[in-house]
Amino acid sequence: MSKMTLKTEGDTHVIVTRRFAAPPEAVYRAHTDPKLIQKWLLGPEGWTMPVCITETKPGGKFRYEWTNGKGGGFHITGEYLELEPYNRIVHVERMHLPDPTPDNHIETRFEADGAGTLMTMRMTLPDGKTRAAMLATGMEHGMEASYVRLEGML
Amino acid sequence: MYNLDAAFSALADPTRRAILARLAKGEATVNELAEPFEMTQPAISQHLKVLEGAGLIVRRVEGTKRPRRLAKAGIEAMNQWLAMLRKALETNYDRLDFVLAGMEKQKRGKK
């Protein structure tokens, strides 16, 4: 069973949906409470998020810092534009690699779905090239994992 | 084995990945490809050569133009790319499932 969908829309959007067994309040909290975020928003195995600051109010800033424990790392900074507990978060974010990427505008909705939640994340990138670059960054992480697997086989 | 290696190193460059992403939307000439990347034609041609060598794209002859499009391997690479991004996100959300289950348990324990 695949619970998640990821698709591109038009030239600049990426849409991700995912169902969760918990109610919207819990899923919303897991997206805004630093102690909870640090437990799951980690990417590939071996990465941790030692710094997680969220100023959860409209206009508030947030900062996520990741490290792989081997000297590798990057961070994301962003601002909350709208926060509607426990239904909707609108924010902008950019990755620092270390130069900042163009802003990714993200609307995340949490809708009650039976006893659980349907989350819909709609990302809007400034243009098609930026979207391609963002997807490519995701690929880099995937490739890193592939290389590690490959090393294990040799 | 050689092809797989060539494909991997061809994809290691962000510009080449962006070129593939552009070609996923349809055939394009060198001029059309050079424009959004703010690169010179020779620089783009060099990247195209690497992608061709790896079997990810093919060219067609149309008068003086040589439009490029994704080869079957290129389409597969693009699908794999989306699949890898999907997998990284899925790993996060699988972890979130555990976090949420833990939150529910804690809530019930307090009642």
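Visitor: What makes A:Arg109 the bridge partner of A:Arg88 in S7(A), and how do you know that the strands pair?
Guide: DSSP places the A:Arg88 bridge partner in S7(A), at A:Arg109. In total, 6 bridges join strand S6 (residues 88-96) of chain A to S7(A). Pairing needs at least two bridges between two strands, as found by DSSP. With 6, S6(A) and S7(A) therefore pair, and they run antiparallel.

Visitor: What is this model, and how is it numbered?
Guide: This is a predicted model: local features need pLDDT of at least 70, side-chain atom pairs need 80 or more, and totals for chains, interfaces and linings use all residues. Residues count from 1 along each chain as its sequence is written, while chains are lettered from A and ligands numbered from 1 in the order written.

Visitor: Why are S3(A) and S4(A) said to be joined?
Guide: Strand S4 (residues 61-67) of chain A shares 5 bridges with S3(A), antiparallel again. One of the partnerships links A:Ile53 to A:Arg63 in S4(A). Their hairpin has 6 residues between the strands, and A:Gly59 takes a positive phi near 90° there.

Visitor: What makes S1 and S3 edge strands?
Guide: The open sheet has 8 strands, in the order S1-S2-S8-S7-S6-S5-S4-S3 (chain A), with antiparallel pairing. Strand S1 (4-9) and strand S3 (48-54) each pair on one side only. Neighbouring strands are turned by 20° against each other on average, direction ignored.

Visitor: How many helices and strands does chain A have?
Guide: Chain A has 3 helices and 8 strands. They are DSSP runs, numbered from the N terminus (helices: H or I, at least four residues; strands: E, at least two). The order is β-β-α-α-β-β-β-β-β-β-α. Helix H1 (residues 24-32) of chain A lies across S2, S3, S6, S7 and S8, at about 155° to S7(A). That angle is taken between N-to-C directions, on a scale of 0 to 180 degrees, with axes fitted to C-alpha atoms, for helices over the stretch in contact.

Visitor: Where in chain A is confidence lowest?
Guide: In H3(A), with a mean pLDDT (the predictor's confidence in each residue, from 0 to 100) of 55. S7(A) is highest, at 96. Over residues 142-154 of chain A, pLDDT stays under 50. The chain average is 84, and 86% of the residues score at least 70.

Visitor: How many residues of chain B are in contact with chain A?
Guide: 24 residues of chain B are in contact (C-beta atoms, placed from the backbone, within 7 Å) with 27 residues of chain A. H5(B) gives the most to this side of chain B, 18 residues. By class, the side has 15 nonpolar, 1 polar and 8 charged residues. Ala, Val, Leu, Ile, Met, Phe, Trp, Tyr, Cys and Pro count as nonpolar, Asp, Glu, Lys and Arg as charged, the others, Gly among them, as polar.

Visitor: Which residues touch the most other members of the largest nonpolar core?
Guide: Among them are B:Ala10, B:Ile19, B:Leu20 and B:Leu23, in a core of 18 residues. Such a core joins Ala, Val, Leu, Ile, Met, Phe, Trp, Tyr and Cys residues through C-beta atoms within 7 Å, and each must be buried. Buried means 20 or more other C-beta atoms within 10 Å of its own (12 or fewer: exposed; in between: partly exposed), with C-beta atoms placed from the backbone. B:Leu23 meets that test, because core membership requires it. H2(B) supplies the largest share, 4 residues.

Definitions and conventions. Two residues are in contact if their C-beta atoms, placed from the backbone, lie within 7 Å.
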